[in-house]
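Colleague: I'm new to reading structures, and I'd like to go through one with you feature by feature. Could you show me how to start?

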Amino acid sequence: MLKASNVPIVDADVIAREVVEPGMPALEKIKKAFGDDVLLPDGALDRKKLGSIIFNDEGKRKQLNAIVHPAVRKAMLWQVLAFWIRGHKYCVMDVPLLIEGGLWQLVAQVVVVYCSEELQLQRLMLRDGSSREDATSRLKSQLPITEKVAYADIVIDNSGSKQDLERHIDGLLQKLEKQSGWSWRLSWLVPPIGLLRALWILLWRRVARRPKRSSK
């Protein structure tokens, strides 16, 4: 829906797949850490095999994250800079593990798309054709959605229909446009100002910002 409104998106899932393609440094590190068993015959990453390892082993999951996350963050930063250079007012960073990875401290607004854990589970099973056990293991590898809400500046309720969600997205875009105001152009025309604003957001997130108590 955001793409349909021409909002620039930095998609962490897409980037995460790109940084582990054959020939990329991250894939070589994964091979060294987990062995040749996590590779397909053509040398590509066997995501299903690797997933079965990390979703039931927190230590292995942290080991994988330590390899993939830095590469993903670097690629995301370059995409954000590219959008800024092109003169976009803002961009949306679509990051499933925004909270777990600590990246919530590096953005101006945290938007959490919320539905109940049971609805999450049902939708995951329907999307992937997975068993309840496998879907539960996947969800348990992430922070519970109710805890993520505590970090949110904006919560979008995704429990209803597609039309309901569209209305919420329209409201989000109106809010982002209003917050951008005219100052974004000054930051774009005078890069040092943009840099100082970005550093201020970083400082604010690290020092002053604290998760709010969830009402869910």
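Colleague: Let's begin with helix packing. At what angle do helix H3 and helix H4 pack?

Modeller: Keep in mind that this is a predicted model. To describe two packed helices, you give the angle between their axes and the distance separating them. Here H3 (residues 47-54) and H4 (residues 58-85) pack at about 125°, and their axes are 7 Å apart. Angles of 65 to 115 degrees count as roughly perpendicular and those over 145 as roughly antiparallel, so H3 and H4 are oblique to each other.

Colleague: Which residues in H3 and H4 meet?

Modeller: From H3 you have Leu50, Ile53 and Ile54, and they meet Glu58, Lys60, Arg61 and Leu64 in H4. Sort the residues of that contact by character and you get four nonpolar, three charged and no polar ones.

Colleague: Right after H3 there's a loop. What about Asp57?

Modeller: Asp57 sits in the loop between H3 and H4. For a residue like this, check how much of its area is accessible: under 20% is buried, over 50% is exposed, and partly exposed is in between. Asp57 has a relative accessible area of 33%, so it is partly exposed. Next, look at who is around in space rather than in sequence. Asp57 and Ser141 are 84 residues apart along the chain, yet their C-alpha atoms are 9.1 Å apart.

Colleague: Is Ser137 buried or exposed?

Modeller: Ser137 belongs to helix H6 (residues 132-140). Its relative accessibility is 18%, so Ser137 counts as buried. If you skip its neighbours within four places in sequence, Ser137 is in contact with Phe55 and Asn56.

Colleague: And which residues does Ile15 touch?

Modeller: Ile15 lies in helix H1 (residues 12-18). With a relative accessible area of 1%, Ile15 is buried. Leaving out residues up to four places away in sequence, Ile15 touches Val10, Val72, Ala75, Met76 and Gln79. You can also try a C-alpha distance here: Ile15 and Val68 are 53 residues apart along the chain and separated by 10.0 Å.

Colleague: On to strands. Where do the side chains of E3 point?

Modeller: In a strand, check which face each side chain points to. Along E3 they alternate: Val112 and Tyr114 point to one face and are buried, while Val111 and Val113 point to the other and are not buried. E4 alternates too, with Ile154 and Ile156 buried on one face, and Val155 and Asp157 on the other face and not buried.

Colleague: How many bridges join E3 to E4?

Modeller: Four, and the two strands run parallel. To see how they line up, pick out partners: Val112 stands opposite Val155 in E4, and Tyr114 has Asp157 in E4 as its bridge partner.

Colleague: Last one: how many aromatic pairs turn up in the whole structure?

Modeller: A search finds one. For a ring pair, you read the distance between centres and the angle between planes. Trp104 and Tyr151 are 5.0 Å apart centre to centre, with 70° between the planes, which makes the pair edge-to-face.

Colleague: Where in the chain do Trp104 and Tyr151 sit?

Modeller: Trp104 is in the loop between strand E2 (92-94) and strand E3 (111-114), and Tyr151 is in the loop between helix H7 (145-149) and strand E4 (154-157). The pair links distant parts of the chain, 47 residues apart. Trp104 is buried at a relative accessible area of 10%, and Tyr151, at 18%, counts as buried too.

Notes
Residues numbered from 1 in each chain as written. Predicted model: local features only at pLDDT ≥ 70, side-chain atom pairs only at ≥ 80, totals over all residues. Heavy atoms only, no water. Axes fitted to C-alpha atoms, helices over the stretch in contact; angles between N-to-C directions. Parallel < 35°, antiparallel > 145°, perpendicular 65-115°, else oblique. Contact = heavy atoms within 4.5 Å. Nonpolar A, V, L, I, M, F, W, Y, C, P; charged D, E, K, R; others polar. Phe/Tyr/Trp six-rings, centres within 6.5 Å; stacked < 30°, edge-to-face > 60°. Buried < 20%, exposed > 50% of the residue type's maximum accessible area, 1.4 Å probe, protein only. Pairing = 2+ DSSP bridges.
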